[in-house]
Amino acid sequence: MENLSNIQTVKELLSRHGFTFSKALGQNFLVNPTVCPKIAEQGGAGKGVGVIEIGTGIGVLTNELCKRAEKVVAVEIDERLAPVLEETLAEYDNFKLIIGDIMNVDLKALISEEFEGLDVVVCANLPYYITSPIIMMLLESRLRIRSVTVMVQKEAGTRLLAKVGTRDMGAVTVAVNYYSTPKLLFNVSRGSFMPSPNVDSCVIRFDIRENTPSGVTDEAFFFKTVRAAFSQRRKTLCNSVSSALGLDKALCAKAIDMASLPPACRPEALSMDELIRFCECLKSVLP
Ligand code: SAM
């Protein structure tokens, strides 16, 4: 296939297929030729590896994945792109397209049916409107995957890459660090996309932890409490958790004391171990 990073080629291809961009689906396609090879390489596409791609667009990243990986299965929501991909990926017999919403695909079944005997990684230039839900779904479902490498907009990247115990963190920071080790791979300027968005992006790789941090006896309760803790920024842990979960303040204060934390501590000042300790103490004092 001709160079899919060439703007003239892309325009000609899209107009031939009568394709118009959908803003609602986050369709900003990569047209910077240096970016996709780097995502594919640093995302782990190689021999013995099966790749799940989310959102193919016209297949510019898919091409680089297919060149390197044993097999690529891509999930794309926009059925208008199927005939485009038939053309742009015609040379590969290690590619399979699933038209659908990634949030509704049974990834566990997909992995066991398509990737037997292969290591599995996820690579994607994610649609910005659904970045966090997709990342959380991939991490929480405890799939047999080694890493998740995604391009996200800078603002989302800041939250995802924040260190636990710092001002920039949020509930999503706790979750990604619980399940993985996030690492910034590189930044990508807004001019690398067609159409060009208003913000720059970055590529992050989440290396999935073999063992999640110890001490959590009830993950659903832990994450519910963490979300409550970060629901009202800059409030104390006691005030946020009691108001968001509808609990008596005295119970939260008791749990904070049992966890040996300062009475007026703020959630963004706590380490992962301290958050776990607080949640376990809170659980133990609930009626
Ligand atoms: N990978 C291509 C690239 O880098 O040029 C396209 C990336 S574009 C930012 C996001 C892609 O995700 C679009 O093709 C869009 O149609 C698709 N998409 C949006 N929502 C989706 C969903 N819920 N499930 C699967 N694909 C989705």
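This report walks through the ligand site, the enclosed spaces and two backbone details of the structure above. Please keep in mind that the model is predicted.

**Around the ligand**

Let us begin with the ligand and its neighbours. The ligand is surrounded by 23 residues, and the closest of them are Leu30, Gly55, Glu76, Asn125 and Tyr129. Sorted by class, this shell holds 11 nonpolar, eight polar and four charged residues.

Which residues place a polar atom by a nitrogen atom of the ligand? Glycine 55 does so with a polar backbone atom, 2.8 Å away from a ligand nitrogen. Isoleucine 77 also uses its backbone, with an N or O atom 3.3 Å from a nitrogen atom of the ligand. Tyrosine 129 takes part through its side chain, where a polar atom lies 2.8 Å from a ligand nitrogen. How much of the ligand's area does the protein bury? On its own the ligand exposes 600 Å², and 99% of that is buried by the protein.

The ligand also helps you find your way around the interior, for the space it takes is the largest cavity. Strand S1 (29–30) and strand S3 (71–76) are the elements that give two or more residues to the shell around the ligand.

**The enclosed and open spaces**

Searching the whole structure turns up two cavities of 30 Å³ or more. Here they are, together with the largest pocket:

| Space | Volume | Lining by class |
|---|---|---|
| Largest cavity | about 340 Å³ | 15 nonpolar, eight polar, three charged residues |
| Second largest cavity | about 90 Å³ | seven nonpolar, five polar, no charged residues |
| Largest pocket | about 230 Å³ | five nonpolar, seven polar, one charged residues |

The largest cavity has 26 lining residues, and those nearest its centre are Ile54, Gly55, Glu76, Asn125 and Pro127. Several elements contribute here: S1, strand S2 (49–54), helix H3 (60–68) and S3 each provide at least two residues of this lining. Gly55 and Glu76 will be familiar, as they are among the residues closest to the ligand.

Which residues line the second largest cavity? Its wall is made by Gly26, Asn28, Asn125, Leu126, Pro127, Tyr128, Met151, Val152, Gln153, Phe193, Pro197 and Ser201. Strand S6 (residues 147–153) is the element that gives the most to this lining, with three residues. Asn125 is worth picking out on your screen: this residue lines the second largest cavity, and it is also one of those nearest the centre of the largest cavity.

The largest pocket is lined by 13 residues, with Lys23, Asn28, Tyr128, Pro197 and Asn198 nearest its centre. Of these, Asn28, Tyr128 and Pro197 also appear in the lining of the second largest cavity.

**Two backbone details**

Two places in the backbone are worth a look as well. Where is the cis peptide bond? The bond joins methionine 194 and proline 195, and its omega is about -10 degrees. Proline 195 belongs to the loop between strand S8 (193–194) and strand S9 (201–208).

The other place is arginine 142, a residue other than glycine whose phi is positive, near 45 degrees. Arginine 142 is found in the loop between helix H6 (131–140) and S6. S6 is the strand you met above, in the lining of the second largest cavity.

Conventions
Residues are numbered from 1 along each chain as its sequence is written. This is a predicted model: local features need pLDDT of at least 70, side-chain atom pairs count only at pLDDT 80 or more; totals for chains, interfaces and linings use all residues. Side-chain values use heavy atoms; hydrogens and water are left out. A residue is near a molecule or strand if one of its heavy atoms lies within 4 Å of it. A polar contact is a pair of N or O atoms within 3.5 Å; within protein, one must be able to donate a hydrogen and the other to accept it, and residues adjacent in sequence count only if both atoms are side-chain atoms. Accessible areas come from the Shrake-Rupley method with a 1.4 Å probe; for residues, only the protein chains shown count as cover. On a 1 Å grid over the protein atoms alone, a cavity is a set of points where a 1.4 Å probe fits but cannot get out, and a pocket is an open set with protein on both sides within 12 Å along at least five of seven lines; lining residues have an atom within 4 Å of a point. A molecule sits in a cavity or pocket if more than half of its atoms lie within 2 Å of its grid points. Helices (H or I, at least four residues) and strands (E, at least two) are DSSP runs, numbered from the N terminus. Ala, Val, Leu, Ile, Met, Phe, Trp, Tyr, Cys and Pro count as nonpolar, Asp, Glu, Lys and Arg as charged, and the others, Gly among them, as polar. Grid points are joined across faces, edges and corners, and a volume is the space filled by probe spheres set on the points.
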